[in-house]
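Colleague: I am new to this structure and would be grateful for a close look at a single part of it. Please take the enclosed empty space as the subject, and then place it in its wider setting.

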Amino acid sequence: SPFLDVRVRRALSKAINRDELNDGLFGGDGQTMFMNHMFPNNPLFNPDWERNFPEEYGYDPAAATTLLAEAGYNSSNPLEVNIDFNRGRPLPQAADVLEVIGGYWRDVGVKANFLDLDPAALNPAVAGLKYKDHVQLREAPNNPLQSWRVWNSNLVPRGNGIELPEINTLVGNLLKTMDVDVQNQMLRELGDITYSLHMTIPLYWVPPEVLFNPKVISSYNFPGNTPGAY
C-alpha cells in the first residue's frame, strides 16, 4: 500500500487547505483536530502537537509535491488514491468535503478517483483487508481509550484505517490495564508516536448546532451530541 510510506501520508495531509475548506463548507466553525484521537481539552494533550502542526500537517502544496517525489511519485508515475463517498454520511457536507479534498490532491499531482461503493460489497471487503489505497471520511467520538483500537491497530475491528506495528503492542497493553496512571502514560506515548507517523489526516471537530422556534419550544436540554455522528 502506498500509505505504508509516511511521506505519502504526510503529503496528502499537507496538500489540504484546512482553513479554506473550513470557511467554505463549515462557515469557519470547524475546530482543527491537532491529534485525531485527543482533543486539546484533554489533560494528556501535548501542546507541541498544536505548536508543530503548521510545519508537520499544515497546508504546503510545494512540500506535498516534494514529499511525493521523494516517495517515488511524479507525473509519469502518479500516486493513485480512491476516495470513497460511502462513509461520513451523517455529516451533510461529507460529499463536498471529499470532492474538495480530491481537488487539493489533484493539484499536487495525485490521481484521485471518486467512488461510491455499495455497502454490501464494501463492508466485507473492509473486514477482509482488501483495500490498499482507499480513503474515507469518518466521524469518531475521540474516546482516547478506544480510538486507537478501532481505527489504527490490528485489534478487532480491523480494516478501518492504517495499521502500523509501532503501536499494536502499546494499544493491546493499554486495554489490559486498569491502572489510570499507566493508561495515561501509554496514551501520551500513543499520541506522540501517531502524531509523528501521520497515521490519520485530521480535519475538524464540528460543534453540533440546534435550531428551534421559541414560539413552539420554550426550552430544551441539549445533550451535546447528534444522532448517528459524534
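Modeller: The lining of the largest cavity consists of 7 nonpolar residues, 6 polar residues and no charged ones. This is a predicted model, and every value given here is computed from it. The structure holds 1 cavity of 30 Å³ or more, and the space in the largest cavity amounts to about 80 Å³. Its lining is made up of 13 residues, of which Met35, Asn36, Tyr57, Thr194 and Thr200 are the closest to the centre. Two helices deserve attention here: α8 and α10 each contribute at least two residues to that lining. As background, rolling a probe the size of a water molecule over the atoms shows where empty space is left.

The helices α8 and α10 also appear in the surroundings of α9, since both are among the elements that cover the buried residues of α9. Those buried residues are Ile167, Asn168, Leu170, Val171, Gly172 and Leu174. In general, an α-helix has 3.6 residues a turn, so residues three or four places apart point the same way.

The loop that joins α8 (147–152) to α9 (165–174) contains Pro157. The peptide bond leading into Pro157 from Val156 is cis, with omega near -5°. Beyond the other end of α10 (180–197), in the loop that leads to β5 (204–205), lies His198. The phi of His198 is positive, near 55°, although the residue is not a glycine. His198 is buried, because its relative accessible area is 2% and the limit for burial is under 20%. A second residue of this kind is Leu129, which is not a glycine either and has a positive phi of about 55°. Leu129 belongs to the loop between α7 (119–127) and β4 (134–136). With a relative accessibility of 41%, Leu129 counts as partly exposed. These backbone features stand out because most residues other than glycine have a negative phi, and most peptide bonds are trans.

Another buried position is Met38, in the loop between β1 (31–32) and α3 (47–51). The relative accessible area of Met38 is 1%, so the residue counts as buried. Leaving aside residues up to four places away in sequence, Met38 touches Met33, Leu44, Phe45, Trp49, Asn142, Trp148 and Leu187. Met38 also illustrates how the chain brings distant positions together: Leu145 is 107 residues away from Met38 in sequence, yet the two C-alpha atoms are 9.9 Å apart in space.

The wider setting is as follows. Among contacts in the protein with a separation of 6 or more, 73% are between residues 24 or more positions apart. The protein has 10 helices and 5 strands. Its radius of gyration is 18 Å, close to the 17 Å that the globule rule gives for 230 residues, so the protein is as compact as a globular protein of that length. Along the principal axes, the C-alpha atoms fill a box of roughly 65 × 45 × 40 Å. Of the 230 residues, 39% count as buried. The accessible surface comes to about 12400 Å², and carbon and sulfur atoms account for 52% of that area.

How values were computed:
Residues numbered from 1 in each chain as written. Predicted model: local features only at pLDDT ≥ 70, side-chain atom pairs only at ≥ 80, totals over all residues. Heavy atoms only, no water. Helix = DSSP H or I, 4+ residues; strand = E, 2+ residues; numbered from the N terminus. Buried < 20%, exposed > 50% of the residue type's maximum accessible area, 1.4 Å probe, protein only. Contact = heavy atoms within 4.5 Å. 1 Å grid on protein atoms, 1.4 Å probe; cavity = no way out; pocket = protein on both sides within 12 Å on 5 of 7 lines; lining within 4 Å. Points joined across faces, edges and corners; volume = space filled by probe spheres on them. Nonpolar A, V, L, I, M, F, W, Y, C, P; charged D, E, K, R; others polar. Rg over C-alpha atoms; globule rule 2.2 N^0.38 Å. Areas by Shrake-Rupley, 256 points an atom, 1.4 Å probe, with all protein chains shown as cover.
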